[in-house]
Amino acid sequence: MLVKVESVLTKAEVAQCRSVLEGTQWVDGKITAGAQSAIAKHNLQVPEDAPQARALGEIVLRALGRSQGFNSAAVPFRVFPPLFNRYDVGMKFGAHVDNAIRFIAGPNIRVRTDLSATLFLSEPEDYDGGELVIEDTYGTQSVKFAAGDMVLYPATSLHRVEEITRGSRWASFFWIQSMVKDDGGRTLLYQLDQSIIKTRAELGDKHEAVLGLTAVYHNLLRKWAEV
Ligand code: NI
């Protein structure tokens with residue numbers, strides 16, 4: 001399932017990220033691509049070990065920690081340290097699927113990429129082209145969100161970034177290993193959680209139906225979670 005998570009970063013945090021990125025070194029994005037996707041990849045990235053990438057990554061990770069939408073949709077176990085990319089005029093990333101396993105170099109930890117995330121750092125009106133096109137179970141979806149908003153999608157999906165024809169598209173991207181590996185199960189938990197939030201607002205926390213549904217949510221999570 002493809003999920004939009006709104007306002008992961010505040011506009012002030014977006015501005016802070018952009019101001020740091022303006023002063024950083026950008027290199028060819030092929031550095032983090034597999035052999036096959038490197039052929040399709042034409043963009044720029046901040047090197048993984050650049051201090052700016054680490055500092056901005058901390059801002060993104062903190063924002064994810066407080067995002068109810070992210071935690072509900074991803075049920076995160078591990079998050080790969082966020083990376084940062086940009087597409088200028090003429091740049092694009094052809095259709096590809098992301099690597100299944102990523103290594104975090106320092107602590108030498110493996111991350112199974114259950115979910116891919118793109119967190120937008122440019123406003124849609126500041127560039128033309130640059131749509132993230134995802135081939136989801138329910139057909140092809142084209143994504144271009146406001147700065148600070150994020151899209152989460154199954155990392156099993158074929159996806160591409162359309163060529164930029166005006167301006168520049170900046171984003172943070174990363175992967176999540178979920179406690180619930182199966183996309184179908186994770187989607188059901190997300191839908192249940194969203195319905196519980198609405199039911200709580202209508203009936204209050206003490207209502208028998210709210211208690212019952214909340215118990216079902218936690219017992220399903222207990223059944224399916226790998227930690
Ligand atoms: Ni990708």
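Let me begin with one pair of side chains, Glu-13 and Arg-66, which form a salt bridge in which the closest N and O atoms are 2.7 Å apart. This pair links distant parts of the chain, since Glu-13 lies in helix α1, residues 11–22, and Arg-66 lies in helix α3, residues 51–66, with the two positions 53 residues apart in the numbering. I should say at once that we are looking at a predicted model, and that the distances I quote are computed from it.

Are the two partners buried or exposed? Glu-13 has a relative accessibility of 14%, and because the limit for calling a residue buried is under 20%, Glu-13 counts as buried. Arg-66, on the other hand, is partly exposed, with a relative accessible area of 48%.

That bridge belongs to a set of ten salt bridges in the structure, and I would like to show two others. Asp-128 forms a salt bridge with Arg-166, with the closest N and O atoms 2.8 Å apart, and here again the pair links distant parts of the chain, with Asp-128 in strand β11, residues 127–129, and Arg-166 in strand β16, residues 164–167, 38 residues apart. Both partners are partly exposed, Asp-128 with a relative accessible area of 33% and Arg-166 with one of 38%. Bridges can also share partners, and in this way Lys-4, Glu-6 and Asp-149 are joined into one network. Within that network, the closest N and O atoms of Glu-6 and Lys-4 are 3.6 Å apart; Glu-6 is exposed at 53% relative accessible area, while Lys-4 is partly exposed at 38%.

Let me turn to the nonpolar interior. Which residues have the most contacts inside the largest nonpolar core? That core has 32 residues, and the ones with the most contacts inside it are Leu-9, Leu-21, Phe-70, Phe-84, Met-150, Leu-152 and Ile-176. Several elements supply at least two residues each, including α1, α4 (68–74), β10 (115–120), β14 (150–154) and β17 (169–178), but the largest share, six residues, comes from α3. So the two helices that hold Glu-13 and Arg-66, α1 and α3, are also both among the contributors to this core.

Met-150 deserves a closer look: leaving aside its neighbours within four places in sequence, Met-150 is in contact with residues that include Val-3, Lys-4, Val-5, Leu-64, Phe-70, Ala-117, Phe-145 and Phe-174. Lys-4, which we met in the salt-bridge network, is thus one of the residues that Met-150 touches. Apart from this core lies another, of 14 residues, among them Leu-2, Met-91, Val-143 and Ile-164.

Next, the strands. There is an open sheet of five strands, in the order β3-β7-β15-β12-β13, with antiparallel pairing, and its edge strands, β3 (41–42) and β13 (139–143), each pair on one side only. Inside that order, β12, residues 132–136, and β15, residues 159–161, pair in the antiparallel sense over three bridges, and Ile-134 stands opposite His-159 in β15.

I will close with Ile-104, which sits in strand β8, residues 101–104, and which counts as buried at 15% relative accessibility. What does Ile-104 touch, if residues up to four places away in sequence are not counted? The residues are Val-79, Phe-80, Pro-81, Ile-109 and Val-111, and for Pro-81, which is 23 residues away along the chain, the C-alpha atoms are separated by 7.7 Å.

Methods:
Residues numbered from 1 in each chain as written. Predicted model: local features only at pLDDT ≥ 70, side-chain atom pairs only at ≥ 80, totals over all residues. Heavy atoms only, no water. Helix = DSSP H or I, 4+ residues; strand = E, 2+ residues; numbered from the N terminus. Buried < 20%, exposed > 50% of the residue type's maximum accessible area, 1.4 Å probe, protein only. Contact = heavy atoms within 4.5 Å. Salt bridge = Lys/Arg side-chain N within 4 Å of Asp/Glu carboxyl O. Pairing = 2+ DSSP bridges. Core = buried A, V, L, I, M, F, W, Y, C linked by side-chain atoms within 4.5 Å.
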